[in-house]
Amino acid sequence: MSGTRVAVVGAGMTRFMRRAQETGKELAWEAARAALDSCELTLADVDAVCLTSAPDAFDGVHMKGEYLSDGAGGFGKPFIRTYVGGGSGVFTAIQGWYTVASGMFDVALLVAEEKMSSTQPHPQGAFLTIFDNILERPLGPNLLWIFALEMNRYMSAYGLDKRDIASVAVKNKRNAAGHPAALLGQADITVDDVLASEVLAWPVQRLDVSPISDGAVAVVVASEEAAKRITDRPVWIEGVGWNLDTTYWTNRDLVYPEYVENAARMAYDMAGVKEPRRQIHVAEPYDPFDYKELHHLEGLLLFEKGKAPEAARDGVLDREGDLPSCPSGGLLGVGNPIAAAGLMKIAELFWQLRGEAGARQVPGTPERGVAQAWGDLMQVGTVVVMGNDGGPPKTAAGLPVVQTPPYTAGGHPLSDGGFRSALGAVDHRLGARYSWDAGVAVGRFLDGLRAGKILGRECRRCERVLVPPRMFCERCFRETDGWIEVEHTGTVQTYSICHVSWDMQPLDPPEMPAVISIDGSDGGFLHMLGEVDPDGVRIGMDVEAVWKPVGERAGSILDIDHFRPRRQS
Amino acid sequence: MEPRVAVVGIGHAGFAPITAGLSYKELMFEAAQRAYADAQVDPRADVDSFVCCSEDYLEGTSIFDEYVPDQLGAVQRPVQTVAADGLFGVATALMLIRSGAARVVAVEAHSKVSDVLTLGAIEQFAMDPVFNRPLGVPALAVAGLDMNAFLERTGLTEEHCAMVAAKNRTNALDNPRAAYPADVRPEDVEDSAPVYWPLRELEVAGRADGCVVVVLAAEERAGDLTEAPVWLLGAGWSSGSPTLESRTWGEADFVARAAERAYAMAGIEDPGEEIDLAEVDDVYAFKELQHLEALGLGTAGGLAEMLAEGELEADGDLPVNVSGGSLGQGNLFEANGLARLLECAEQLRGEAGERQVDEAYVALVQSWRGVPTTSAAVVVLGNEEGT
Amino acid sequence: MREKVARPDEVRRWPGDFPVAHRYTPGLAGDAFLTALRDRGAILGSRCERCAYTYVPTRLFCERCFAELDAGVELGPEGTLVSFTIGFVGLEGEPLDRPVTLGLVRLDGADAVLLHHVLDPGDEPLEIGERVAVVLRAPEERTGSILDILGFAVAEAESD
């Protein structure tokens, strides 16, 4: 890398709350102001502003980056909002890095905001629209499905014990008990509590999941020269990496996040990290669900595939363990205002590597940490390696400087009733409507379904048959060569037994979403299982499509009513 | 500052009011194929980083960045989405290359606005939910308010704005890509129905679908990839107040700040003298004049004179929106900036056919993100003779 | 691409929406503004002394310098028309039964402007620079909303 070194020099955050009285702008300002105050800078010292926030459907504002820009300090300044779904918070640090490393700006203010409580009747509603417009949304997928599908695949592939995974939720909620901004810190929670919590979408239970939250986090980054003017304890951004995998998540094996590994290798190469397990002393992997932290620790090359759960069980990941993971309390404990939670991980490494994390400080003298976030359809990895050039500074007596800065500013939580009755609150249903053009590939696929056929596109170069079909091969970047009718049968790649609707209403009987690999193709798609007892479903089970009667087919993914266990023919 | 960065390939698709039978992915694929062929790069091997520009509500999808990598050859590569006009994507590519994180970057922006049935409601959804939306304020109203304040401040008239609309629609007759070419006279514009007076129907760019992909490269790679590099001489971007109440009405101060940065980087001291042609935002006709003023290319009185004397025409001293602009090519939303960059790249390469401007060495591109934003980006481009 | 949809009856479209609604809190500063408007019919602003700029509605922070602000200034009720527009179409371009007039008004004491309807402009054409006054809903009808203001009306000559 040719650019200047870039350091984190300040950080601040709001409390993470279930429902904030503040507007999104106000949350952004509270965090940004706290971050500037922490390094004794003013807005006039800021040369560029980098903002992130996950989908506009949370805050409920089109072009919400523009709306939030004044709260983030963007007035009169070069301002850009980037986003990569749930990976956005950590990505902002990457954006801050290249903004400064370009040599074009000396000091950049990074802000991540999310106000999820605006979405009615439930914030999960915003996730209904992350799925493919035409091929997935008609199935009514909710966000829990994809986590449950991935978690099941991960657990099944390695024969994992749910207790080991639950220990991550326990660790993080306990860690968060020492965090002044935390929403769900809980010092006395146990693995049995997690295992006894309500099953939402098997294998996901309520306490496996991070809480929906409002909040904002801000970080100040500076060029080497500016950083040395601002502080005697800069924490350096040593490496950055990011990577986006194919949109066609049902064509991938969810057992391992290759995109995280790719991002990690990019960041480690830049940081000169050759043996991550030895050279990384503290980790803040992304933990929206407990199993995700483990999945990501493996993708970060800190544990072998399938081996992170036993490390969690054995205490390796505890704050006092050999590799402290999520000492902040993570998303599971502090809260999950999506983009803000990612940037919180950068702030935590900053505090940990300065020896300023107070009650959360990991013991010893950590010199290097890694923060990571994930996002989209099991698709994005964002990784940042940070270091303090040889340990936190010592006082004259040789003791580490340990203090808890007043970095938490603002945050006025509203109760449910207070939110409902808030003076001047405005309700608005945007009646946005779309008519999406299916185009060539999906249009023909829908016509095929109406005719009782499942069609794929063949790429003769990589010799794959792509289902769902596309006119391009993403591996070869060339046009696909022709249509192939594939089988009506397939195999359950992974599945879930989902007991709640997207707005958390109980479902009886439960839904059984599954990723079906389609025979005769190299792909597959999301669909529903039926005519089978939930206890009888297995990964690897052979299934067949059950079609709607000809007269009821409409050229829709729902022309297949469901898949059922394959009958002997 | 080093390294220098050049546009080494550019491709487009669509540019029509409706692109029926093509999905947004297929539209992107076509534009990307053309851009990579133009730059003679294989995206799977040669492009280090990808930047896409989009907004969720224009797509009807949350977290739209999920849906971009495959059709760009970007799978399992560094890809990011910038929630902004394509010129902000170009600015991002510039930073990525200068930081050393990439040598070759592809930037994509598209519009598939023909998928949207309720564009007005969505545009209003960008405004403050507590203080503005309850009043029922369409985007056009904000444009009408700004136009009236602009005319009041500058003394420019509705007639001047009508001349801009007529010029750009007529310019589009020479542009085979343009979605809205028409033989329009200023009097036709003045006779068209007021929508939010003083803003009239023929002063509002019609919506269009389209995609543009640009490949940028560091100097060390640019030489391998093209014989006709178009150098990115300067880039600047800036925002003002997003709040309707506390912004400067009738004036694009944020464009002036963006231009100041771009000019400083490009070493431009007298833009009127040094810039040979400009493609600037004209989503509403008056905006072209407001933006030219902010870009330092004319004063209010000077612009009136330049219009009267035809200096902004294709064969004038300062050809502006020779492509037809957004009024002539169609409003491509986040792709507007790249559509203007496409025109300037063709002009600087001498490939603009009927529209070719004589002695085109240095070109200016400017974009604004539309109502209700105050965000703009400015890029200065030059060919070998212009550097 | 070698293969395209070339027949109009083969174009496939799929309908959709965002199946959620939103509830927006007015925030810390907005709460102060709307409470004063409802209870006292007062229009509050926030003054940043450092920037010598008075915001309306109230703001928690100065966007120019990031100073924390309070809702300490009462503005108007009269002011100057900074711009106006006359609308003939609705959100999706549909013609309106009656044109609407929207105005930007710099209330006395403010630097920022307030956006609202201009009521009954009458036959006399509006002019930028004209004096206008805020018209409020009756106290018992106010709920704590920007719509507690009915709009601006051209000020009577004697109040100039």
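A polar contact is a pair of N or O atoms within 3.5 Å, where within protein one atom must be able to donate a hydrogen and the other to accept it, and where residues adjacent in sequence count only if both atoms are side-chain atoms. The structure is a predicted model, in which local features need pLDDT of at least 70 and side-chain atom pairs count only at pLDDT 80 or more, while totals for chains, interfaces and linings use all residues. Residues are numbered from 1 along each chain as its sequence is written, chains are lettered from A and ligands numbered from 1 in the order in which they are written, and side-chain values use heavy atoms, with hydrogens and water left out.

**Exercise 1. Describe the interface of chain B and chain A.**

Step 1. Begin with the contact, which means heavy atoms within 4.5 Å: 84 residues of chain B and 82 residues of chain A take part.

Step 2. Turn to the buried area, that is, the accessible area (1.4 Å probe) that two parts lose on being put together, summed over both. Between chain B and chain A this comes to about 7100 Å², with 59% of it on carbon and sulfur atoms. Y57(B), D70(B) and Q76(B) supply 10% of the area that chain B buries against chain A, more than any other three residues.

Step 3. Look next at the polar side of the interface, where 45 residue pairs are in polar contact (both at pLDDT 80 or more). The elements of chain B that each supply at least two residues to the side touching chain A include α1 (24-39), α4 (86-99) and α10 (253-266); here helices (H or I, at least four residues) and strands (E, at least two) are DSSP runs, numbered from the N terminus. The largest share of that side, seven residues, comes from α4(B).

Step 4. Sort the same side of chain B by class, which gives 39 nonpolar, 26 polar and 19 charged residues. In this scheme Ala, Val, Leu, Ile, Met, Phe, Trp, Tyr, Cys and Pro count as nonpolar, Asp, Glu, Lys and Arg as charged, and the others, Gly among them, as polar.

Step 5. Count the salt bridges, each being a side-chain nitrogen of Lys or Arg within 4 Å of a carboxyl oxygen of Asp or Glu. There are three between chain B and chain A, and one of them joins R369(B) to E66(A), with the closest N and O atoms 2.7 Å apart.

**Exercise 2. Find the strands that pair across the chains.**

Step 1. Recall that strands of a sheet pair through backbone hydrogen bonds, either parallel or antiparallel; two strands are taken as paired if DSSP finds at least two bridges between them.

Step 2. Between chains A and B, strand β3 (residues 79-83) of chain A runs antiparallel to β3(B) and is joined to it by two bridges, with Y83(A) standing opposite T81(B).

Step 3. Between chains A and C, an open sheet of three strands follows the order β5(A)-β2(C)-β13(A), with antiparallel pairing. Its edge strands are β5 (119-120) and β13 (426-428) of chain A, each of which pairs on one side only. Three bridges join β13(A) to β2 (residues 21-24) of chain C, and V426(A) stands opposite Y24(C).

Step 4. Strand β14 (residues 433-437) of chain A also pairs with β1(C), in the antiparallel sense over five bridges, where the bridge partner of R433(A) is D17(C).

**Exercise 3. Describe the interface of chain C and chain A.**

Step 1. Here 41 residues of chain C are in contact with 68 residues of chain A, and the two chains bury about 4900 Å² between them, 56% of it on carbon and sulfur atoms. W14(C), R23(C) and F66(C) lose the most area in chain C, together 22% of what that side buries.

Step 2. Nine salt bridges are counted between chain C and chain A, and R23(C) meets D427(A) in a salt bridge at 2.8 Å, N to O.

Step 3. There are also 28 residue pairs in polar contact (both at pLDDT 80 or more). On the side of chain C that touches chain A, α1(C) gives the most, with eight residues, and the classes are 19 nonpolar, eight polar and 14 charged residues.
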